[in-house]
Amino acid sequence: MRFNRILLSATLVVVALVVQVSILGRLQLPGAVPDLVLLTVVALALVYGSVGGALIGFSAGLLTDLAPPADHAAGRYALVLCVIGYVAGLVRPDTGRFRSAWGPMLTVVGAAFASTLLYAGVGALVGDTAARHVGLTGLLFTAVLYDLLLAPFAVPFIMALARRAENDPMAVDANGGPPAGKDIASGWLAGGTGLRIGSQRGGLRMKTARSRANRAGRIKGVKGIKGVKSVKKL
């Protein structure tokens, strides 16, 4: 992952975790808790793709496992969010942009449902029976409901930040240059000046040469006319 992706993802995950632990976790809502960390992972995966989503999901899940007041084995939520990030990244369109809000919202619904099931399933494998006492059906319904209500306020904002970071003029690809097929610096300059600089440098040079040639031709023409007039006078 590029440096700007890592920096932005780490910042968003830490902020989401702090809000999750200090605010959302203390609301004492019935059933599940709104999962801002999950929404952050899904939003970033929808922009960065499956590999980036898996890496971000694992890191975010591991931080959640270690953050107090965690009462489960470390690595449990890291596994869940790693799978969710990878699958959410597969939903990302080839163009990188959704045609409507239905795509991200349906992804959030599926992620909330699948993460609750995976978390309960992994808990059952390690002997955690807390989900049985609360009721898995109630957890699934409230998790999907809370995350769906929170998603319109978090997912579009995070996706917009991630896309803007992708257009960072300092960004580079795997070969050390700008992303293929896109002159980022030219795009930023064009946004401020209205000029398409990257692809029209050769055209601007040709126009400059032509204007100089036309100007030289006009000057020679004027000198020739003056010379003819002077000869006639003589």
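# A guided tour of an eight-helix model

Start by selecting α1, which has 20 residues and reaches 28 Å from its first C-alpha to its last, close to the 28 Å expected at 1.5 Å a residue. The model on screen is a predicted one.

**The whole chain**

Zoom out before going further. The protein has eight helices and zero strands, and reading along the sequence gives the pattern α-α-α-α-α-α-α-α. Of its 234 residues, 35% count as buried. Among contacts between residues at least 6 apart in sequence, 68% join residues at least 24 apart. The protein exposes about 14500 Å², and carbon and sulfur atoms supply 67% of that area.

**Back to α1**

Colour the buried residues of α1: Asn4, Arg5, Leu8, Ser9, Leu12, Val13, Ala16, Leu17 and Gln20. The buried residues of this helix pack against α2 and α6.

Now pick out asparagine 4, which is in helix α1. Is asparagine 4 buried or exposed? With a relative accessible area of 12%, asparagine 4 is buried, because that value is under 20%. Next, show glutamate 166 as well. The two residues are 162 apart along the chain, yet their C-alpha atoms are separated by 7.8 Å.

**The loop after α1**

Follow the chain into the loop between α1 and α2, where glutamine 28 is found. What is the phi of glutamine 28? The angle is positive, about 55°, although glutamine 28 is not a glycine. Most residues other than glycine have a negative phi. Glutamine 28 has a relative accessibility of 74% and so counts as exposed, the cut-off being over 50%.

**Leucine 44 in α2**

Move on to helix α2 and select leucine 44 there. This residue is buried, with a relative accessible area of 0%. Display what surrounds leucine 44: leaving out residues up to four places away in sequence, leucine 44 touches Ser9, Leu12, Gly49, Ile56, Ile158 and Ala162. Two of these, Ser9 and Leu12, are also among the buried residues of α1. Another, isoleucine 158, is 114 residues from leucine 44 in sequence and 7.0 Å from it in space, C-alpha to C-alpha.

**The nonpolar core**

Leucine 44 also leads to the next selection. The largest nonpolar core has 38 residues, and those with the most contacts inside it are Leu38, Val42, Leu44, Tyr48, Leu81 and Val155. Which helices each supply at least two residues of this core? They are α1 (3–22), α2 (36–66), α3, α4 (102–125) and α6 (136–166). The helix that gives the most is α2, with 14 residues.

Take valine 155 from that group. Leaving aside its neighbours within four places in sequence, valine 155 is in contact with Leu39, Ala43, Pro104 and Val108.

**Helix α4**

Pro104 and Val108 are a way into α4, where both are buried. The other buried residues of α4 are Met105, Thr107, Ala111, Ala112, Ser115, Thr116, Ala120, Val122 and Gly123. Check the length of the helix next. At 1.5 Å a residue, its 24 residues should span 34 Å, and the end C-alpha atoms are 34 Å apart, which agrees.

**Two neighbours in α3**

Go to helix α3 (residues 76–90) and select alanine 78. Alanine 78 has a relative accessibility of 0% and counts as buried. Setting aside residues up to four places away in sequence, alanine 78 touches Gly57, Phe58, Gly61, Leu62 and Asp65. Serine 59 is worth showing too: it is 19 residues from alanine 78 along the chain, and their C-alpha atoms are separated by 6.8 Å.

Then select leucine 79, which also lies in helix α3. Its relative accessibility of 46% makes leucine 79 partly exposed.

**The surface patch**

Leucine 79 is the starting point for the last stop. Turn on the surface and select Leu79, Val83, Tyr86, Val87, Leu90 and Leu118, which make a nonpolar patch of about 510 Å². Which helix gives the largest share of the patch? That helix is α3, with five residues.

Technical notes. Residues are numbered from 1 along each chain as its sequence is written. This is a predicted model: local features need pLDDT of at least 70, side-chain atom pairs count only at pLDDT 80 or more; totals for chains, interfaces and linings use all residues. Side-chain values use heavy atoms; hydrogens and water are left out. Helices (H or I, at least four residues) and strands (E, at least two) are DSSP runs, numbered from the N terminus. Buried means under 20% relative accessible area, exposed over 50%, partly exposed in between (1.4 Å probe, protein chains only). Contact means heavy atoms within 4.5 Å. A nonpolar core is a set of buried Ala, Val, Leu, Ile, Met, Phe, Trp, Tyr and Cys residues joined through side-chain atoms within 4.5 Å. Patches are made of residues with over 30% relative accessible area and no salt bridge: like charges are joined within 9 Å, nonpolar side chains (Val, Leu, Ile, Met, Phe, Trp, Tyr) within 5 Å. Accessible areas come from the Shrake-Rupley method with a 1.4 Å probe; for residues, only the protein chains shown count as cover. A salt bridge is a side-chain nitrogen of Lys or Arg within 4 Å of a carboxyl oxygen of Asp or Glu. The expected span of a helix is 1.5 Å times one less than its number of residues.
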